[in-house]
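Here is a short report on one protein model. Look over the sequence and the structure first, then read on.

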Amino acid sequence: PQDRPRGCPPRPVADSAYDPYGRVEGLLCLLGARVDALQALPLLAVSWRRLGVGETLLHEGAVAEAVHFARAGTFKLFRTAEDGYEQVLGFALRGEVLGFEALAQGTQPFSVVALEECSVYSIPLSEFDTLGQRLPELDKLVHRAVSNALLRRGEAAEVMAAVAAEVRLARFLIQLSR
């Protein structure tokens with residue numbers, strides 16, 4: 001496809017095993033690395049896992065253990081109030097970073113659930129800084145992914161601020177189409 005750098009594997013689907021060893025090149029391609037940045041990469045493994053529909057990736061209040069990158073599928077981000085009310089904070093799509101917000105306090109500020117068959121790359125927090133130092137391109141791409149996530153969360157707040165459900169739906173569809 002035209003939307004991926006030459007030399008990158010095809011877009012994965014949730015049940016695809018094109019990258020059974022979770023090589024770092026797959027993560028870099030997902031995040032939009034330049035092809036020349038993929039040359040002469042060290043052979044580094046990055047774990048990935050599949051999630052079924054409704055499976056929770058991150059639990060609100062859980063200790064932060066890893067940063068995840070949506071490899072395939074769609075995720076819902078939400079908080080649950082004491083009375084059980086579920087407040088949807090947004091949605092994450094392919095290439096977005098999940099769990100980065102937990103670095104500030106050490107716990108997950110919200111839950112993340114798979115809305116369809118999904119998969120994620122995961123980098124344990126114990127390896128996150130070291131991997132970024134070894135691969136400056138990854139470090140740069142993670143910063144870009146976090147910045148994009150912040151922009152999308154701001155847009156989601158605007159969508160949810162609309163009073164009428166029809167207006168919220170229309171804004172969400174416009175945002176998703178971008």
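## A loop residue and its contacts

Start in a loop. Thr74 sits between β3 and β4, the latter covering residues 75-80. This is a predicted model.

What does the side chain of Thr74 join through a polar contact? The partner is the side chain of Glu116, at 2.6 Å. Thr74 has other contacts too. Setting aside neighbours within four places in sequence, Thr74 touches Ala92, Leu93, Val113, Ala114, Leu115, Glu116 and Cys118.

## The overall plan

Now step back. The protein has four helices and eight strands. Read from the N terminus, the elements run α-β-β-β-β-β-β-β-β-α-α-α.

The protein has 178 residues, and 43% of them are buried. About 10000 Å² is exposed, with 54% of that supplied by carbon and sulfur atoms. Take the contacts between residues at least 6 apart in sequence: 71% of them join residues at least 24 apart.

## A four-stranded sheet

Strands of a sheet pair through backbone hydrogen bonds, either parallel or antiparallel. Which order do the strands take in the open sheet of four? The order is β1-β8-β3-β6, and the pairing is antiparallel. β1 (47-51) and β6 (97-98) stand at the edges. Each has a single partner strand, so one side of each lacks a neighbour in the sheet.

β1 and β8 (residues 118-124) run antiparallel and are joined by five bridges. Within this pair, Trp48 stands opposite Tyr121 of β8. Helix α2 (residues 125-134) packs on the sheet. This helix touches β3 (66-72) and β8, and its direction makes about 80° with that of β8.

## Two nonpolar cores

The largest nonpolar core holds 23 residues. Those with the most contacts inside this core are Leu27, Leu31, Phe69, Ile123 and Leu138. Five elements are listed as giving two or more residues to this core: α1 (24-30), β3, β8, α2 and α3 (136-161). Which of them gives the largest share? That is α3, with six residues.

Another core lies apart from this one. It has 14 residues, among them Ala70, Leu89, Ala114 and Cys118. Two of these names came up earlier: Ala114 and Cys118 are both in contact with Thr74.

Return to Phe69, in the largest core. Leaving out residues up to four places away in sequence, Phe69 touches Leu27, Leu30, Leu31, Glu96, Val97, Ser119, Val120, Tyr121, Ile123, Phe128 and Val142. Tyr121, one of these partners, is the residue opposite Trp48.

Methods: Residues numbered from 1 in each chain as written. Predicted model: local features only at pLDDT ≥ 70, side-chain atom pairs only at ≥ 80, totals over all residues. Heavy atoms only, no water. Pairing = 2+ DSSP bridges. Contact = heavy atoms within 4.5 Å. Axes fitted to C-alpha atoms, helices over the stretch in contact; angles between N-to-C directions. Polar contact = N/O pair within 3.5 Å; in protein donor to acceptor, adjacent residues only side chain to side chain. Buried < 20%, exposed > 50% of the residue type's maximum accessible area, 1.4 Å probe, protein only. Areas by Shrake-Rupley, 256 points an atom, 1.4 Å probe, with all protein chains shown as cover. Core = buried A, V, L, I, M, F, W, Y, C linked by side-chain atoms within 4.5 Å.
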